[in-house]
Amino acid sequence: MSLGVFAELVGQDEAVETLRRAAADAAGIVRAAHEDGADGNGAAGPGTGAMTHAWIFTGPPGSGRTVAARAFAAALECVHGTGCGDCTGCHTTLAGTHADVRFVVPEGLSIGVGEMRALVLRAASTPAGGRWQVVVVTDADRLTEAAGNALLKAVEEPPPRTVFLLCTPSTHPDDISVTIRSRCRLVPLRQPPAEAVAAVLGARDGIDAEVARWAAAAAQGDVGRARLLARDPEARKR
């Protein structure tokens, strides 16, 4: 079975399975809404319970928190509901250009309340593509207290077709408030084993096996860093 949008999530089989089930459930909710003639401001329809409106992706550096959140967002917007990786919904989400998907990336040390309130308000509107409004907060641990409170209100009383995806190093109160965490579904990610990263570099990028093994070990499980090391001799020397 093709991994589609989840292909970059190396060594995260359990997380991928969780997200696949949720995406399939989300697609069923959208179909039910369309069949019932419900719009984005009404009930979205029944699901199996695999899908929920707020998620936290957590794990050590290099585990792929943002990669996982972006892939899940693409699966939610996939026109086939599978995260195929080939349709317009998948492509535009992965490229960061989908009209209904917003990525919150802090420009400084924190994410302020004004930015969060504006995003929450905009995310409450009806999805332009008829599927989901998705807000991806790539560094949720940088939310100010006021911004966290604005997000909490939205998570506590979510619009029917809005999903919040939060990325944070851990669920320690210093990273994200206990109250927000209690209203989210947790997706723990682990540092991929070096052998899994090396296998991916060989299979997908055509990297020589010895170089792939060295790069994977040196990158400590970070696929992006390993790929850079494997492709760039100067980076390897440094």
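The following paragraphs lead the reader through a predicted model, beginning with a central strand and ending with two loop residues.

A useful starting point is strand β3, which covers residues 133–137. Five of its five residues are buried, so the strand is largely enclosed by the rest of the structure. In a regular strand, the side chains alternate between the two faces of the sheet. In β3, Q133, V135 and V137 point one way, while V134 and V136 point the other way. Residues on both of these sides of β3 are buried.

Strand β3 has pairing partners that include β2 and β4. With β2, which comprises residues 101–104, the pairing is parallel and extends over four bridges. Within this pairing, V104 stands opposite V137 of β3. The path of the chain from β2 to β3 passes through α4, and this β-α-β crossover is right-handed. With β4, strand β3 again runs parallel, and the two are joined by five bridges. Here Q133 has T162 of β4 as its bridge partner. To get from β3 to β4 the chain passes through α5, and this β-α-β crossover is right-handed as well.

Helix α5, the connection just described, deserves a closer look. It consists of 12 residues, 145–156. At 1.5 Å a residue the helix should span 16 Å, and because its end C-alpha atoms are 16 Å apart, the expected and modelled values agree. Which residues of α5 are buried? They are A147, G148, A150, L151, L152, A154 and V155. The elements that cover these buried residues include β1 (54–58), α4 (113–123), β4 (162–168) and α6 (178–182).

The discussion now turns to aromatic side chains. A search of the whole structure finds two aromatic pairs. One of them is formed by W55 and F72, whose rings meet edge-to-face, with 4.9 Å from centre to centre and 65° between the planes. This pair links distant parts of the chain, since W55 belongs to strand β1 and F72 to helix α2 (residues 65–77), 17 residues apart. Both W55 and F72 are buried. Together with F57, these two residues form one aromatic cluster.

Aromatic rings also lie beneath charged side chains in this model. The charged end of R70 sits over the ring of F103, 4.2 Å from the ring centre. In another instance, R161 lies over the face of W132, at 5.7 Å from the centre of the ring.

Two loop residues complete the account. The first to consider is D141, located in the loop between β3 and α5. Is D141 buried or partly exposed? Its relative accessibility is 26%, so D141 counts as partly exposed. Beyond its neighbours within four places in sequence, D141 is in contact with C167, T168, P169 and D175. The C-alpha atoms of D141 and H172 are 9.5 Å apart in space, although the two residues are 31 residues apart in sequence.

The other loop residue is H98, placed between α3 (88–95) and β2. The relative accessibility of H98 is 15%, and H98 therefore counts as buried. When residues up to four places away in sequence are set aside, H98 touches E77, G89, T92 and T93.

Technical notes. Residues numbered from 1 in each chain as written. Predicted model: local features only at pLDDT ≥ 70, side-chain atom pairs only at ≥ 80, totals over all residues. Heavy atoms only, no water. Expected span 1.5 Å × (residues − 1). Buried < 20%, exposed > 50% of the residue type's maximum accessible area, 1.4 Å probe, protein only. Contact = heavy atoms within 4.5 Å. Pairing = 2+ DSSP bridges. Right-handed = clockwise from strand over helix to strand, strands pointing away. Phe/Tyr/Trp six-rings, centres within 6.5 Å; stacked < 30°, edge-to-face > 60°. Lys NZ or Arg CZ within 6 Å of the ring centre and 35° of its normal.
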